[in-house]
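Please examine the sequence and the model shown here before reading on.

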Amino acid sequence: MRYSWLKARRWWSSRRQVPAPFDELLARPMPDPSRLLADIELVSLDIETTGLDPASADMLSVGWVIVRNGRVDLGTAVSHIVRPSSGVGASASVHGLTDTVVGAGLDWGVVLDKIVGVLTGRVLVVHHAGLDHALLDRMCAQRYGSRLLVPVLDTLAIEHRRQQQKHHLEENASLRLSDLRDAYGLPRYSAHDCLVDAIATAELVLAIASHRHAETLGELLA
Amino acid sequence: MKEIPEIAQFLRALPGFDALDDAQVAACAKNIDIAYYRQGDDILTTGSENRQLHIIRSGAVELRDVGGEMMTRLAEGDCFGFPSLMRQSPARNHSVAIEDSLVYHLDGEAFARARRASNEFDTWFIRALSDRLTMQPTTPTFRGVSGQRVRNLVTRAPVSIMTSATIREVAQKMVDERVSAMLIRDEEGLCGIVTDRDIRKRVVAADVASDRPVTDIMTSSPMSIDGDAHAYEAAMMMMQGNIHHLPVTTLGGLLGMVSRSDFMRLETEHPLYLVSDIGKQTTAEGVVEACRRLPGLVVGQIESDANGEQLGKFITMITDTVTRQLLRIAESTYGPPPCEYAWVALGSQGRFEQSAKSDQDNALVLSNEATDADDEYFAALAKVVSDGLDACGYVYCPGDVMASNPKWRRPLREWKQYFHRWITVPEEKALMHANIFFDLRCVAGESRLVDELKKSVRDDARKNEIFLALMAKNAMSFQPPLGFFRQFVLERSGEHKNTLDLKLHGIMPIVEIARIRSLAAGELRISTRNRLLAAAKAKEITETDAANLIDALDFIEKLRIEHQSRQLQAGKQPDNHLSPEELSPLVRQNLKSAFSQVRISQSALLNRFHLA
């Protein structure tokens, strides 16, 4: 979503009465698009879901970490397990989460409030934002009557655009998180833990910011 | 807080941190910021405040002292910044990312809590602190004075006088200038030297009139040394020539002079004492006995951070000294030689590139007057030297390329024929021989014989593109591994299974490229580095290519030296077989790029001879 359009939508949504903590998210100004990535606060976030369709999938677990002053602050690293409405089903084998573990989690609304809290005044960073972003939009609409409406940086999309701009010789260079991390000289992490993926994405965004230090938030949102 | 497995796992594996329990590791993890530094970014600058322990998660960082000298290179799992943190003082060193690096910054307060919580953790960092504080820049220096360039030992401008001067004028100027030796010049430059001793012996004692021209008593065409040579080379030269003063020259002319007293600061354990000791021996057994000190001296040189070039020269000079002394001993046993001869060093000794593990390769070039009957004498001579070298640790050449083999003990004209045949009928065996014999250098005897041989060889080789092309093709038989992590080429059999032969796959390809390129340029330089520089000068290869290959050679040789030093210290026989576990990730990375440089140069060589 373009920055100006996002601003308009936020203004529109904030005219209505919205429940806390979403009201605060709308009231707090977004980071200015002319600022450099290294100068703004980001929230790198990853969600594990019960499926691939945002209309029906549920959030199983979520992990995030804040990036500020150009550093990933591990003191802010948080992960939550969400108690779903239905059973875990087939994807349990992928995420290593069983019904028992998931059953001990928090209510999705409580977790969503926390997500909204941490995103207030910050920029959301997701690798391959599509599903996670759509899911958050749907949950926010259900709970607060509005889409999420925060600036979103998609590390996959940024790298995809870069490859297209540079007419990369290697066609279809992989855009997977682990391959992009390799390309930036970042260490290998074991996949499929949402907090580790959130940290991995946070480090990737630092690498991108460092290699493209001249670009502003606005340009990277594109 | 929930543990972050990736972070905790990494921390727990670090030296020092392995002493912490799970809760303490988790407490550290919570207080970490992660930063990404691009290659070339400063992390800590000298004098800056530091409130964090820096831990390299990936990449590489170089620490430099105030003067910008490299202190050390750090890689994954290494820490820095703790000296300033522990002493609560500004950072002493400058740290720079030399690769794109991910660095964990552990908050100073959390670090202090961990030190209070675990004695072992605290002790580890106190020890690391004392190591770091005593660390010296890693610029290559020989212990004491001898690693310096000769030019740095020259304390004053040259004191010289023209050949037209009388002895009295020379003596007067020596008194005025308070020097013990005077250089004598003509229009073309340095042509003689006069010392205090000469005045005593050749003037006063011999009752020569002091109004005679100085040319009557001076030592003509004195030995001299280039200002860029290492000081120990000057010391060797003075010791071997039994002289006390050595003129120092530079491209533009005279630079000055060094004297033996300039070397007074040498410690008694210095290698030069070994040289002088070997020179005093009258039996082969005595030489062997003196050589027992060699491994210890090699380790000493390595510890004082000699690089591959310096160490190669050092070991070769000892070998040369041993060879000359054994020849002297043989000559005193069997009498003076029946005709002129030149003792020739081949292979790595020829190139000044011997390592702690080197075979002997040598030959005898006899004067054309040599008769069949003379061979008995030279066979005996060769046996003394060859056996002596073997007993000193330079084992017999497995290919029997030694002067003790009658085939390699021939008159000059036959040597010329040998080379002519190798060059014009280059069979496989001929190419193998050419590789060894092209690195020939006269160690003792009549160097004129060798110079003449070299001249004819050079003219033969340069004209013969086919021969050079075959040499180039032959040089491809040993290729460096493609990569380190996935395609590490190891020897698949034999006692050195799962190790990398640094000589075969790293050093030899560079040596061969240099040899062929310099031959193609019509140069018969002898050391690999000089050959590359000469080839670049003759535009046979690019300057960059030459510089990169020399860098690669420096690096691979350094690895071999360190490997052999570890073996010598463990009392083992040194070899060239490196096990991958000996290498840190950073070293692997560097070795990988050294290998890729060699491969680039190999394919350029193939292209040069249209073989690609």
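The following dialogue concerns chain B and one of its helices.

Modeller: This is a predicted model, in which local features need pLDDT of at least 70, side-chain atom pairs count only at pLDDT 80 or more, and totals for chains, interfaces and linings use all residues. Residues are numbered from 1 along each chain as its sequence is written, chains are lettered from A and ligands numbered from 1 in the order in which they are written, and side-chain values use heavy atoms, with hydrogens and water left out.

Biologist: What is the mean pLDDT of chain B?

Modeller: The pLDDT is the predictor's confidence in each residue, from 0 to 100. In chain B, 91% of the residues reach 70 or more, and the mean is 84.

Biologist: Which residues of helix α2 of chain B are buried?

Modeller: Helices are DSSP runs (H or I, at least four residues) and strands likewise (E, at least two), numbered from the N terminus. Buried means under 20% relative accessible area, exposed over 50%, partly exposed in between (1.4 Å probe, protein chains only). In α2, residues 22–30 of chain B, the buried ones are B:Gln24, B:Val25, B:Cys28 and B:Ala29.

Biologist: Why do they lie on the same side of α2(B)?

Modeller: The arc is that of the directions from the helix axis to the C-beta atoms. The buried residues are on the same side because they cover an arc of only 140 degrees.

Biologist: Which element of chain A do the buried residues of α2(B) pack against?

Modeller: Contact means heavy atoms within 4.5 Å. Within chain B, they pack against α1 (5–12), β1 (32–37), β8 (101–107) and α4 (108–117); in chain A, the partner is β3 (71–83).
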